[in-house]
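Here are some short exercises to work through with the structure open beside you. Try each task yourself, then follow the solution step by step.

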Amino acid sequence: MTPQFTLPHWYDLHTHFRQDETLPATVKDHVSMQCAGALAMPNTAPPVGKVFEADEVSSYKSIEQYRSEILAASGGVFKEVIVPLYLTQDTTPEMIEKGAAAGVLKACKYYPPHGTTGAEFGAPLDRFMENGVFRALEQAGVTLCIHGEEHGLGPERYFDRAENAEEIFYRDRMPRLVDSFPDLRIVGEHLTTKVGVDFILEAPSHVKANITPQHLMYTVGSLLNGLKYHLYCLPLVKYDEDRAALRAAATATNNTKFFAGTDSAPHTKKTTPCGCAAGCYTGGIAPQLYAQAFEMAGIDLSQKAGQDILENFLCTIGREYYDLPMPEQTFILERSAEDVQPLKIGDQTIIPLPLGMECELPWRIRR
Ligand SMILES: [Zn+2]
C-alpha cells in the first residue's frame, strides 16, 4: 500500500507574496497546499512600513491594506494572515504601541540593510536597540522576526570556511539582543547554520526559529555544482555540518522551537545580466518537500512516530507560538510523485524549486 497519512491544515509562517498581478495566483498556490493562513513578509514594493492606512508615512503600504488584499485573494480560505511591520528608519515606539493596542500589529521584521531582496529600507540593529522600538515590542508582546545576517561585510567574512554572515550575527548580535531584552519574543527566520541552531536551542523558550525545505535538503555544493540558480536564496545554503544540525533540530522528538516557514518567493525573473534574485519558489508543494526532506533526514514517514514528528514541525509549533486558530480541515499526504508544473501568470513564469533542481517530488497531496 502507498504510505499515506493525514495532517491538519497548516500555516506557512514565513512567505512572500507581491503587491502585483502575481498575488492571486501565488496565494492560490498556498491555498492548494492546504495552508490555513500565512505570515507574509513586508519587503514588497512599496514596503509595508506602516500599520494603519491612515498613518502619515505615505510612501509605505499599510499592514491593514496588504493583509486585507491577501485575505481577499485566498477567497475566504485563510483563517488568519500576519503581516509584520517592516522596521525602517521611520519606525517609532509609538507606532508599535498603537498598532499592538489595536490588535493589528503582531510582528515586526528586521532586515539587515541591503542584505537581501527588498532590504534597502532596513536600518542597523543598533538603531532599534537604542531608539525604544525593541523595548516597545518587548512590552507589547509583539514578535520580532529577524533576518539574522550581519550586513556590510567584505567577501571574506560574508561567506568563507571560517565564518559567514549568519554565524557572525548569531555569535555577536543575538546574545546581546536577548540579554538586553530578555522578554522579547524573537523568531530567527530561515535558519541555515549550526551556530544558529545551537543559539536557538540555548535561548529562552520564547526564542524560536523557522527552517525552509531547501535548507533541510541541500548544501552549497548542490548550488554550485552546475550553478543551480533556482536554489539561490538568502541566507545561502551552507555545509553538510549545518544541514545536519538543521535536520536534527527539525526532526527531534522533543522539538519545541523549530517550525515550518518556507520563505517561498515568486520571482518571475530569477536571473539578470548582473546577478540573481534571491529566493526559491515552493508555493503549492511545501508539505511535500518537507516530507521529502524529513525522509532524507532519516525519518520513517510510514510510521506514526515519524508522522507525528513532521506534524509537530509543520502544523503545531509555529501555530501555537503565534496563537493562531487550530484549523478543522485535514489533508492527506501520500508517497506518490507530484506533478509539478511552472506557474504561468500572463506571459510571466515562476519555476518551482524541484523543476529548477531537475528533481522529482516523491510526495503529493491527495486531491
Ligand atoms: Zn524571506
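**Exercise 1. Find out in which sense helix H1 passes helix H2, and which residues meet there.**

Solution. This is a predicted model, and the crossing of H1 with H2 in it is right-handed.
- Step 1: Locate H1 at residues 23-32 and H2 at residues 63-73; their axes come within 9 Å and cross at roughly 65°.
- Step 2: Look at the contact itself, where Leu23, Pro24 and Val27 of H1 meet Glu69, Ile70 and Ala73 of H2.
- Step 3: Sort the residues of this contact by class: five are nonpolar, none is polar and one is charged.

**Exercise 2. Work out the strand order of the open sheet of six strands, and name the edge strands.**

Solution.
- Step 1: Follow the order, which is S7-S8-S9-S10-S11-S12, with parallel pairing.
- Step 2: Check the ends: S7 (85-86) and S12 (258-260) each pair on one side only, which makes them the edge strands.
- Step 3: Examine one pair inside this order. S8 (residues 107-110) and S9 (residues 143-146) are parallel and share four bridges, and Cys108 has Leu144 in S9 as its bridge partner.
- Step 4: Add a helix. H8 (residues 194-202) packs on the sheet, where it touches S10 (186-188) and S11 (207-211). The direction of H8 makes about 145° with that of S11.

**Exercise 3. Place Leu144 in the largest nonpolar core and list its contacts.**

Solution.
- Step 1: Start from a general tendency: in soluble globular proteins, nonpolar side chains tend to be buried together.
- Step 2: Turn to the largest nonpolar core, which has 104 residues. Leu144 is among those with the most contacts inside it, along with Leu137, Tyr290 and Phe313.
- Step 3: Set aside neighbours within four places in sequence; Leu144 is then in contact with Cys108, Tyr110, Phe134, Leu137, Leu184, Arg185 and Ile186.

**Exercise 4. Decide why strand S2 counts as largely enclosed, and find its partner.**

Solution.
- Step 1: Count the buried residues of S2 (residues 10-15): six of the six are buried, so the strand is largely enclosed by the rest of the structure.
- Step 2: Find the partner. S2 runs parallel to S3 (residues 35-40), and four bridges join the two.
- Step 3: Pick out one bridge: Trp10 is partnered by Cys35 in S3.

**Exercise 5. Hunt for unusual backbone geometry: where are the cis peptide bonds, and what is the phi of Gln34 and of His190?**

Solution.
- Step 1: Recall the background: most residues other than glycine have a negative phi, and most peptide bonds are trans.
- Step 2: Go to Ala45 and Pro46, which are joined by a cis peptide bond with omega of about -5°. Pro46 sits in the loop between S3 and S4 (48-50).
- Step 3: Move on to Leu234 and Pro235, where the bond is again cis and omega is near -5°. Pro235 belongs to the loop between H10 (220-224) and H11 (240-251).
- Step 4: Check Gln34, whose phi is positive, near 70°. Gln34 lies in the loop between H1 and S3. A residue is buried if 20 or more other C-beta atoms lie within 10 Å of its own; Gln34 has 21, so it is buried.
- Step 5: Treat His190 likewise: its phi is positive at about 35°, and it is in the loop between S10 and H8. With 26 other C-beta atoms within 10 Å, His190 is buried.

Note on methods: Residues are numbered from 1 along each chain as its sequence is written. This is a predicted model: local features need pLDDT of at least 70, side-chain atom pairs count only at pLDDT 80 or more; totals for chains, interfaces and linings use all residues. Axes are lines fitted to C-alpha atoms, for helices over the stretch in contact, and angles run from 0 to 180 degrees between N-to-C directions. A crossing is left-handed if the near helix is turned anticlockwise from the far one by less than a right angle, and right-handed if clockwise. Two residues are in contact if their C-beta atoms, placed from the backbone, lie within 7 Å. Ala, Val, Leu, Ile, Met, Phe, Trp, Tyr, Cys and Pro count as nonpolar, Asp, Glu, Lys and Arg as charged, and the others, Gly among them, as polar. Two strands pair if DSSP finds at least two bridges between them. A nonpolar core is a set of buried Ala, Val, Leu, Ile, Met, Phe, Trp, Tyr and Cys residues joined through C-beta atoms within 7 Å. A residue is buried if 20 or more other C-beta atoms lie within 10 Å of its own, exposed if 12 or fewer, and partly exposed in between; C-beta atoms are placed from the backbone.
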